[in-house]
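Biologist: Hi, have you got a minute to walk me through this one? I'd like to start with the pockets.
Modeller: Sure, let me put it up.

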Amino acid sequence: RVRPSMLEGGNRVRLAETLTSPGRDLALEFGALMHRCFEQVEWLDEGKQITDVALIDELLKTSPGSNQINAAIRRFRELLENENLKKLLSTDSVREHHVVPDLDTTGDPASPNRIEVHTEKRLAVLMDDLEHVDADAGSLIEGVVDRLVLVYEEGCVTAAEIIDLKVDQIDDSNLTERIEHYRPQLVAY
């Protein structure tokens, strides 16, 4: 069994990322809280507001008693102001990349031309040919896609977008390294 997240970094292991420490545990908890915040977003341009009260309720389910809940909500709100993220999480972005006539953005399964968004979508696929993934042939790839957008045209999936959320601190100095670190995980998806 292989989880796509196990493939991060290829065959390189950073000791700081494998050892348990209070700082690492807090970072993992914060990441889980941020993921839970983003689970609440279907489309930013559809006008559905996510209240702090609703977020607190969801985050308490993820990490009861956490002292990072308010910080996670603040960071989530800050990130939602980012223009690139706003575009990524909008139906307009899907419409720009996938020209489908009469595209229904409500996810109505009866509509032949639609987009569906799934958050925390579980997957399990038996892979016979894993040339592009650093794992043994016959491996079972199991994972959870943070955000999966499916584009349907005439009732058939014609495109899929996979968004994997990362909460690392990334800037110009480490952007290339972080892209390469996470590439094997996205290739597996």
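Biologist: What volume does the second largest pocket have?
Modeller: The second largest pocket comes to about 290 Å³. On a 1 Å grid over the protein atoms alone, a pocket is an open set of points with protein on both sides within 12 Å along at least five of seven lines, and lining residues have an atom within 4 Å of a point. Grid points are joined across faces, edges and corners, and the volume is the space filled by probe spheres set on the points.

Biologist: Which residues are closest to its centre?
Modeller: Trp43, Leu44, Lys48, Gln49 and Ile50, out of 15 that line the second largest pocket. By class, that lining has 5 nonpolar, 4 polar and 6 charged residues. Here Ala, Val, Leu, Ile, Met, Phe, Trp, Tyr, Cys and Pro count as nonpolar, Asp, Glu, Lys and Arg as charged, and the others, Gly among them, as polar.

Biologist: Anything I should know about the model itself?
Modeller: It's a predicted model, where local features need pLDDT of at least 70 and side-chain atom pairs count only at pLDDT 80 or more, while totals for chains, interfaces and linings use all residues. Residues are numbered from 1 along each chain as its sequence is written, and side-chain values use heavy atoms, with hydrogens and water left out.

Biologist: How many helices and strands are there?
Modeller: The chain has 7 helices and 3 strands, in the order α-α-α-α-α-α-β-β-β-α from the N terminus. Both are DSSP runs numbered from the N terminus: helices are H or I with at least four residues, strands E with at least two.

Biologist: What about cavities, how many of 30 Å³ or more?
Modeller: Just 1 cavity of 30 Å³ or more turns up, and its volume is about 60 Å³. A cavity is a set of grid points where a 1.4 Å probe fits but cannot get out.

Biologist: Which element gives the most to its lining?
Modeller: That's α2, with 3 residues. Besides α2, β1 (114-126) and β2 (140-153) also give two or more. Leu165 is one of the lining residues, as are His35, Phe38 and Asp146.

Biologist: Where does leucine 165 lie?
Modeller: Leucine 165 is in the loop between β3 (156-163) and α7 (175-188). Leaving aside neighbours within four places in sequence, leucine 165 is in contact (heavy atoms within 4.5 Å) with His35, Phe38 and Asp146. Leucine 165 and glycine 31 are 134 residues apart in sequence, yet 9.0 Å apart in space, C-alpha to C-alpha.

Biologist: Switching topic: which residues of α3 are buried?
Modeller: Leu55, Glu58 and Leu59. Buried means under 20% relative accessible area with a 1.4 Å probe, protein chains only. These three lie on the same side of α3 because they cover an arc of only 100° around the axis, going by the directions from the helix axis to the C-beta atoms.

Biologist: And the largest nonpolar core, which members touch the most others?
Modeller: Met34, Phe38, Leu55, Leu59, Ala72 and Phe76, out of 18 residues. A nonpolar core is a set of buried Ala, Val, Leu, Ile, Met, Phe, Trp, Tyr and Cys residues joined through side-chain atoms within 4.5 Å. α2 (22-39), α3 (52-62) and α4 (69-80) each give two or more residues to this core.

Note on methods: Buried means under 20% relative accessible area, exposed over 50%, partly exposed in between (1.4 Å probe, protein chains only).
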